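Here are a few short exercises to work through with the coordinates open. Try each task before you read its solution.

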Amino acid sequence: VMTGQGTLNFGPFDWYAGEQRIMYTRTLTVPTNNCKKYLNTATITETGQKGTATAELCGPPIIGGHTMGWWKNKNGQGLIKNAGVVSGTTQCKVSAWLAQFAPFAEVSGKTCTQLATYVMNTMTAAEASGASMNTMLKAQMLATGLDVYFTDPALGGVKWSAPYGPLGSVKVDITAYSAAFGGATSMTVMQMLQYASSQSNLNGTIWYNQLKATQELAKNAFDAINNNRIFLAP
């Protein structure tokens with residue numbers, strides 16, 4: 001089994017024809033998600049002799065992430081607007097949950113309709129130019145937070161397929177992003193949210209000491225989760 005992204009060389013294959021050894025490689029595209037088996041058959045035209053080998057190539061698994069675009073469309077917006085309120089209040093249950101994370105402290109008390117608008121505005125405002133990447137990081141982390149909430153039966157319920165269970169409990173490989181997560185090479189998605197939150201002031205105006213390169217690593221990690229482009233931890 002080989003895992004990766006883009007293309008991988010399938011081989012080399014050893015093929016013995018009498019006393020002659022023939023070696024060659026075959027380049028195959030790694031699946032966007034999950035695994036695919038490839039059968040390779042080598043044939044000696046003159047004799048009709050054949051040899052076969054199989055390789056399984058694996059892309060990152062589908063873990064239940066949804067993108068910023070999904071949360072801006074009618075499906076995502078509808079889920080938020082109909083998420084229900086905290087008993088005895090008008091505060092959306094999702095608002096109360098998201099407010100535990102420092103970058104989203106400002107959503108405390110928001111109704112579900114107000115939260116849906118906040119999500120729309122936050123994701124529309126996301127951009128990566130300038131001296132920091134706060135707005136883009138905030139939008140990607142917000143999408144991940146919503147993904148976690150709506151794949152957990154104890155929170156928003158399981159609203160779509162989450163093959164590995166509630167997204168917050170899924171442990172992923174963050175080797176490529178470790179500098180943004182205290183040097184860790186793996187964390188659960190919930191631990192990633194908590195760590196990124198610990199690096200932010202209230203409402204996310206100062207984040208990772210305003211080091212754009214570190215902000216970008218954190219943003220890329222959440223983006224990979226939202227797009228199902230991250231591998232599970234070994």
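**Exercise 1: Contacts of one aromatic residue**

Find what Phe 181 touches in this predicted model, leaving out residues up to four places away in sequence.

Solution. Start with the partners Ile 174 and Met 187, then add Met 192, Tyr 195 and Ala 196. Next come Tyr 208, Ala 218, Ala 221 and Phe 222, which complete the set for Phe 181.

**Exercise 2: The largest nonpolar core**

Which residues touch the most other members of the largest nonpolar core?

Solution. The core holds 54 residues, and Trp 71, Leu 146 and Phe 181 are the ones that touch the most other members. Now look at where the core draws its residues: helices H1 (68-72), H3 (93-98), H4 (112-124), H5 (134-149), H6 (189-198) and H7 each give two or more. Among these, H5 gives the most, with nine residues.

**Exercise 3: Thr 214, buried or exposed?**

Place Thr 214 in its helix, classify its accessibility and list its contacts beyond four places in sequence.

Solution. Thr 214 lies in helix H7, which spans residues 212-226. Its relative accessibility is 18%, and because the cut-off for buried is under 20%, Thr 214 counts as buried. Beyond its sequence neighbours, Thr 214 is in contact with Ala 179, Ala 180 and Tyr 208.

**Exercise 4: The whole chain**

Describe the chain by its secondary structure, burial and surface.

Solution. Count seven helices and nine strands. Then take burial: 45% of the 234 residues count as buried. Finally, the chain exposes about 11300 Å², with carbon and sulfur atoms supplying 51% of that area.

Technical notes: Residues are numbered from 1 along each chain as its sequence is written. This is a predicted model: local features need pLDDT of at least 70, side-chain atom pairs count only at pLDDT 80 or more; totals for chains, interfaces and linings use all residues. Side-chain values use heavy atoms; hydrogens and water are left out. Buried means under 20% relative accessible area, exposed over 50%, partly exposed in between (1.4 Å probe, protein chains only). Contact means heavy atoms within 4.5 Å. A nonpolar core is a set of buried Ala, Val, Leu, Ile, Met, Phe, Trp, Tyr and Cys residues joined through side-chain atoms within 4.5 Å. Accessible areas come from the Shrake-Rupley method with a 1.4 Å probe; for residues, only the protein chains shown count as cover.
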